[in-house]
Amino acid sequence: MLSGTGKARTLVRLAGSAIRQKAVCNCAAAYGTDVFRNRNSDGMPGRVLLRNPNAPVMQWKRTMFIQTQDTPNPHSLKFLPGVTVLDAGQTMDFPNVSSAQCSPLAKLLFRIEGVRSVFFGADFVTISKVEDAEWSIIKPETFAVIMDFFASGLPVVTGANPNNSTQINEDDDETVQMIKELLDTRIRPTVQEDGGDIIFMGFDDGVVKLKMQGSCSSCPSSIVTLKNGVQNMLQFYIPEVVSVEQVTDEVDKMAETEFSKLEKQIRQKDEQSNEKS
């Protein structure tokens, strides 16, 4: 025999159960699913299950939160997806779409109109745009591409090795070893924070030859960075260093040619749009 209070609690529980059951049935009807109630081992009703026999099995994944970070280069933006892109300390530069054949992610990013180059760091992706392109258009598309790619589980890079220009080799003399050590420990981490990298290309007659990548390659202040930052530090620790020079290679020249073509196409589209309006 239940007391008045016990009866009231029972009625409340029954009412709550009926409301939940109705809500589940309404949800099931809305989505065309079937309602099933499993039973516990003691035969008592258990939790309600929704099932659509014709629906694919869905796996819920955590939504990726992508942050952006400005760089000293107004035409480059750093995207931080919150996951590992490359191993710690590694970078890869894709100055044009031809160089991106080894990276499924880079190839997808180059499909976004206005993207000039792509650069990968350990935990970031740097996108450099052509001058006339708008970040308001490129950013949402970049977010979507990065999010979809990492949800796919595909490798970021296939059949290629990240940059290892500062790796010390057995045939490096003492001066070159010191240059590489300083670049790797003091200079490259700072440059990578700005969405780029510095590649050691050689040391000849006191001249350290370096190649700028990522946001640094097209940055207006890259020469200042080399002379006032890198050159001063190397000369302070290594007296043999006379100067630092920025060098380019055939890939850079090809990228510059493709960049000029892309800028021309964008200008033509803008002119056509203005004529129509």
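Strand 3 and strand 4 are linked by a hairpin that runs through 5 residues. Strands here, like helices, are DSSP runs numbered from the N terminus, with at least two residues of type E for a strand and at least four of type H or I for a helix. The two partners, residues 67-70 and residues 76-80, pair in the antiparallel sense over 4 bridges; for strands to count as paired, DSSP has to find at least two bridges between them. Across the ladder, Thr68 sits opposite Phe79 of strand 4.

A word on the ground rules: this is a predicted model, so local features need pLDDT of at least 70 and side-chain atom pairs count only at pLDDT 80 or more, while totals for chains, interfaces and linings use all residues. Residues are numbered from 1 along each chain as its sequence is written, and side-chain values use heavy atoms, with hydrogens and water left out.

Zooming out, the protein chain comes with 6 helices and 10 strands. Of its 277 residues, 36% are buried (under 20% relative accessible area, against over 50% for exposed and partly exposed in between, with a 1.4 Å probe and protein chains only). If one takes contacts (heavy atoms within 4.5 Å) between residues at least 6 apart in sequence, 56% of them join residues at least 24 apart.

The largest nonpolar core holds 29 residues, and Phe94, Leu105, Leu109, Val118, Phe120, Val125 and Ile127 have the most contacts inside it. At least two residues each come from strand 4, strand 5 (92-94), helix 2 (104-110), strand 6 (115-120), strand 7 (125-129) and helix 3. Helix 3 gives the largest share, 6 residues. Another core, of 18 residues, lies apart from it and includes Leu182, Ile198, Val208 and Leu234. By nonpolar core is meant a set of buried Ala, Val, Leu, Ile, Met, Phe, Trp, Tyr and Cys residues joined through side-chain atoms within 4.5 Å.

Helix 3 (residues 135-152) is also home to Thr142, which is buried at a relative accessible area of 0%. Leaving aside residues up to four places away in sequence, Thr142 touches Phe79, Leu109, Ile112 and Ile127.

Lys209, by contrast, belongs to strand 9 (residues 207-214) and is partly exposed, with a relative accessible area of 30%. Lys209 and Glu245 are 36 residues apart in sequence, yet their C-alpha atoms are 5.1 Å apart in space. With residues up to four places away in sequence not counted, the contacts of Lys209 are Ile199, Phe200, Met201, Gly202, Asp204, Glu245 and Val247.
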